[in-house]
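Could you walk me through this protein, from its sheets to its helices and the hollows inside? Let's take it one piece at a time, with the structure open beside the text.

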Amino acid sequence: MPTQKNLENGWALLQLLLVASFSQAEVPVCRLRGDPDNPELSKDGDIMLGGIFSFHNKWKDKQDIYMQIPLPLQCTSLNFRGFQFAQAMLFAIEEINNSTDLLPGISLGYKIYDVCASIARGVRVTLALANGNEVVSAPSEAPCARPAQVQAIIGGTFSSPCMAISTVIGPFHIPLISHYATCACLSDKTKYPSFLRTIPSDYHQSSALAQLVKYFGWTWVGAIRTNDDYGNNGMATFTETAQQLGICLEYSVSVFRTDPPDKIQKIVDIIKASTSKVIVTFLSPTDLYVIVHELSNHNLTGHQWVGTEGWIFDFQTAAMDSHHILDGAIGLSIPKAHVSGMREFMLDVKPFYSSSNDLFIEFWETLFSCKFKQSKSSAENERECTGHEDVTQILQQIKQIHFKTKEGDEVYFNENGDPAAKYEIINWQPSEHGIVEFVTVGLYDASLPADKQLNLQNKSLFWNQNSQQVPLSVCSEKCPPGTRKVLQKGKPVCCYDCLRCAEGEMSNITDSITCVRCHPEFWSNERRDACVKKEAEFLSYEEIMGALLTAASLFGTCMTSVVAFIFFRYRQTPVVRANNSELSFLLLFSLSLCFLCSLTFIGRPSEWSCMLRHTAFGITFVLCISCVLGKTIVVLMAFRATLPGSNVMKWFGPAQQKLSVVGFTLIQVIICILWLTISPPFPFKNFKESKDKIILECALGSAIGFWAVLGYIGLLAMLCFFLAFLARKLPDNFNEAKFITFSMLIFCAVWITFIPAYVSSPGKFSVAVEIFAILASSFGLLICIFIPKCYIILLKPEKNTKRNMMGKGAPKSF
């Protein structure tokens with residue numbers, strides 16, 4: 001065993017030495033790995049341009065077992081649009097070569113490849129364009145290093161291949177100018193320094209799509225994207241912008257043309273189960289066809305499709321939609337440009353034979369269903385251009401171009417290598433012959449202010465199933481004014497319930513997220529969509545209660561005036577003279593003021609009325625009670641004066657009676673002055689007492705002042721009641737004390753019950769309670785003290801004699 005192992009090691013060493021010796025003997029050259037990639041179309045020129053287009057959309061799947069060299073990619077599914085793009089490049093080259101003004105004496109050549117929308121093939125043919133197709137390259141001063149074979153590459157239909165291609169040729173500063181790669185990611189010059197394009201970035205298209213969806217009020221949409229950089233990046237930008245505009249995605253799915261049938265079926269099931277009626281797409285035509293074909297099998301119509309420039313203006317897509325799934329679609333398209341002579345050039349395409357024109361024959365036979373029997377001519381040898389340009393300089397010159405075409409279109413690249421972002425809004429509308437027409441219904445210009453970027457023309461739009469009514473696609477109906485949105489738990493923000501605003505709150509816009517509380521002086525109406533000014537509530541003269549109290553006040557004043565007139569008319573009679581006529585007239589005057597002061601409590605409170613009502617009430621009632629107190633003291637003194645040896649009346653004569661009234665009243669005046677000076681009553685709007693009304697009332701200012709005024713009145717009333725009670729058993733001819741006792745009993749009872757009633761009564765009713773207490777106590781004094789005298793004066797004149805007044809009667813108790 002050791003011997004056999006040594007033999008194996010020796011044989012391996014010998015092989016290594018043989019390989020090394022032969023390697024040193026070879027001349028150092030650059031050899032191409034694998035078979036060369038030949039262009040589909042080519043032409044020699046002084047300056048060579050590369051072309052990369054997708055003449056096919058798919059390729060056959062193959063499993064490499066790594067037991068043999070992998071076979072070349074087999075492309076399938078012809079793409080006529082890719083063929084048109086290539087023809088546009090050829091037209092431009094022919095225009096330049098045939099012009100005496102553009103590049104005189106220099107001809108442009110081209111090498112055009114078909115990459116079949118494959119990233120791997122795109123990178124492979126890019127390396128072929130950069131390095132050339134020679135199998136063996138002669139050594140140069142720098143081994144395996146030489147200028148690029150092409151000065152620029154035109155094309156790259158899809159974003160993902162362009163990203164891979166730009167990554168490869170970016171370090172070599174070879175310009176790649178794409179006509180259809182729209183991914184916003186390609187604007188990053190740190191990753192793709194040599195990439196430029198003549199189509200706007202999807203960043204603007206995504207924003208325009210979101211604004212378009214918002215314009216029609218669609219807040220609940222589905223989303224389908226191609227599972228590549230174009231679809232994923234475009235849909236990500238759309239989703240971000242849509243969320244800012246209040247648009248929600250019910251679902252977002254990806255698809256690729258090579259996906260297995262079960263995945264396509266899952267996407268169809270999601271669409272079928274969805275409640276949204278709008279589908280926003282970032283799809284290539286081929287990927288769209290996969291979805292539409294499956295939807296046709298399920299006869300799933302009724303959705304509004306929103307498309308990108310990838311397919312919205314594609315005639316082939318419209319032609320394959322035999323079940324009218326996409327009818328009424330709306331989306332964005334690159335603005336149409338008229339190029340003189342291009343239509344004629346396209347229509348004049350004829351098949352010709354060379355070693356690299358098999359593709360043209362395939363297109364021609366597919367388009368016209370015919371066969372060509374002619375033999376193919378030999379291919380022309382390519383010649384190498386000896387005068388290579390500095391590609392770095394070419395790239396900088398291309399970035400700085402800014403010109404107008406013969407048709408007036410402006411051409412330039414911004415700092416990101418992008419053109420100006422302008423789109424036409426296209427609507428698929430059926431024609432009389434059943435063919436879909438692409439009608440331009442608006443424009444989008446990203447260079448304008450945000451509120452003017454989207455401009456829809458005054459044209460009729462057709463929607464899915466040929467309806468002219470804008471379809472509705474929302475998760476929840478709009479919340480009307482008077483309600484607010486409440487999100488449904490676990491669902492997107494577009495799914496919500498509408499709750500009615502609470503009392504005192506309102507919302508006057510649709511889909512309000514909050515209800516605004518009304519100003520304290522306002523209250524929400526029944527619909528909760530507006531705040532109306534609260535009704536000011538106060539005790540007014542117009543309402544029934546105010547009118548009745550006013551009538552009672554005036555009646556009391558008139559009644560007092562009548563009594564005063566009677567007393568004045570019969571002032572010489574014994575009844576009037578025996579009861580201290582001066583105090584009686586002063587008491588009647590104060591009672592008139594008491595009745596009238598109740599009127600100050602009725603009406604809208606003002607600064608003066610608030611100060612007047614409480615002070616007038618306090619002073620007039622003290623004046624009234626002081627007079628009653630004086631009359632009570634006179635009765636007691638008069639009884640004492642009738643006793644033998646008593647001279648008490650000389651200490652309480654008319655002058656002393658007047659001074660006592662003035663003194664008692666002056667104390668109340670001082671209390672009121674202090675109250676008004678320190679913290680007077682003031683008008684106050686009470687918002688707490690009632691929800692839908694403003695209670696206009698008089699705030700007390702200083703509560704101590706109010707209760708001091710009321711307390712002083714109560715103190716005098718209790719003193720008067722006590723003295724009158726002491727005189728209750730005097731003889732009948734001196735029985736005025738009995739009537740005073742009754743009046744004070746009523747007075748005290750009224751004001752004792754007033755306090756709890758006043759505190760508990762709401763709003764204007766508290767004022768009414770206070771007025772009632774004033775009137776009740778005033779009527780009590782008037783009736784108890786003066787009505788019996790008026791009865792004697794008017795109805796019993798025979799008793800109104802001095803003899804009767806001097807008579808003695810038995811005392812009575814009660």
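**A walk through the fold**

Let's start at helix α8, whose buried residues are covered by elements including β4 (56-59), β11 (220-226), β12 (248-255), α7 (261-273), β14 (304-307) and α9 (315-320). The residues of α8 that lie beneath this cover are T286, D287, L288, V290, I291, V292, E294, L295 and S296. Bear in mind as you look that this is a predicted model. Helix α8 takes in residues 285-297, and at 1.5 Å a residue its 13 residues should span 18 Å; the end C-alpha atoms are 18 Å apart, so expectation and model agree. If you follow the chain just past α8, you come to N299, which takes a positive phi of about 50 degrees.

Now step back for a view of the whole chain. The protein chain has 814 residues, and 47% of them count as buried. Its secondary structure comes to 21 helices and 29 strands. How many of the contacts between residues at least 6 apart in sequence join residues at least 24 apart? In this chain the share is 69%. One pair to look up is Q84 and M346: they are 262 residues apart in sequence, yet their C-alpha atoms are 7.8 Å apart in space. Q84 is found in helix α2 (residues 80-97). With a relative accessible area of 44%, Q84 counts as partly exposed, because that value falls between the 20% limit for buried and the 50% limit for exposed.

Next, find the open sheet built from 6 strands. Reading across, the order is β2-β6-β3-β8-β9-β10, and the pairing is mixed. Which strands stand at the edges? They are β2 (41-43) and β10 (195-197); each has a single partner strand, so one side of each is left without a neighbour in the sheet. On average, neighbouring strands of this sheet are turned by 20 degrees against each other, direction ignored.

Within that sheet, look at strand β8 (residues 152-155) and strand β9 (residues 176-178), which pair in the parallel sense over 2 bridges. Here I153 stands opposite L176 in β9. Helix α4 (residues 159-169) packs on the sheet, where it touches β3 (47-53), β8, β9 and β10. The direction of α4 makes about 165 degrees with that of β9.

Helix α5 (residues 202-215) is worth a stop as well. At 1.5 Å a residue, its 14 residues should span 20 Å, and its end C-alpha atoms are 19 Å apart, which agrees. This helix is mostly covered, with 10 of its 14 residues buried. Those buried residues are D202, Q205, S206, S207, A208, L209, A210, Q211, L212 and V213.

What about empty space inside the protein? The structure holds 3 cavities of 30 Å³ or more, and the largest has a volume of about 90 Å³. Which residues line the largest cavity? The lining consists of T157, F158, S159, Y180, T182, D228, Y230, L283, S284, P285, E309 and G310.

Further along the chain there is another open sheet, this one of 3 strands in the order β27-β29-β28, again with mixed pairing. Its edge strands are β27 (535-537) and β28, each of which pairs on one side only. The twist averages 30 degrees from one strand to the next.

The two pairings in this sheet can be taken in turn. β27 and β29 run parallel and are joined by 3 bridges, and A536 stands opposite I694 in β29. Strand β28 (residues 682-686) and strand β29 (residues 693-699), in contrast, pair in the antiparallel sense over 5 bridges. The bridge partner of K685 in β29 is L696, and a hairpin of 6 residues joins β28 to β29.

Our last stop is helix α18 (residues 703-726). It has 24 residues and reaches 34 Å from its first C-alpha to its last, close to the 34 Å expected at 1.5 Å a residue. The buried residues of α18 are G705, F706, V709, L710, Y712, I713, L716, A717, C720, L723 and A724. As you trace that list, a general point helps: an α-helix has 3.6 residues a turn, so residues three or four places apart point the same way.

Methods: Residues numbered from 1 in each chain as written. Predicted model: local features only at pLDDT ≥ 70, side-chain atom pairs only at ≥ 80, totals over all residues. Heavy atoms only, no water. Pairing = 2+ DSSP bridges. Helix = DSSP H or I, 4+ residues; strand = E, 2+ residues; numbered from the N terminus. Axes fitted to C-alpha atoms, helices over the stretch in contact; angles between N-to-C directions. Contact = heavy atoms within 4.5 Å. Buried < 20%, exposed > 50% of the residue type's maximum accessible area, 1.4 Å probe, protein only. Expected span 1.5 Å × (residues − 1). 1 Å grid on protein atoms, 1.4 Å probe; cavity = no way out; pocket = protein on both sides within 12 Å on 5 of 7 lines; lining within 4 Å. Points joined across faces, edges and corners; volume = space filled by probe spheres on them.
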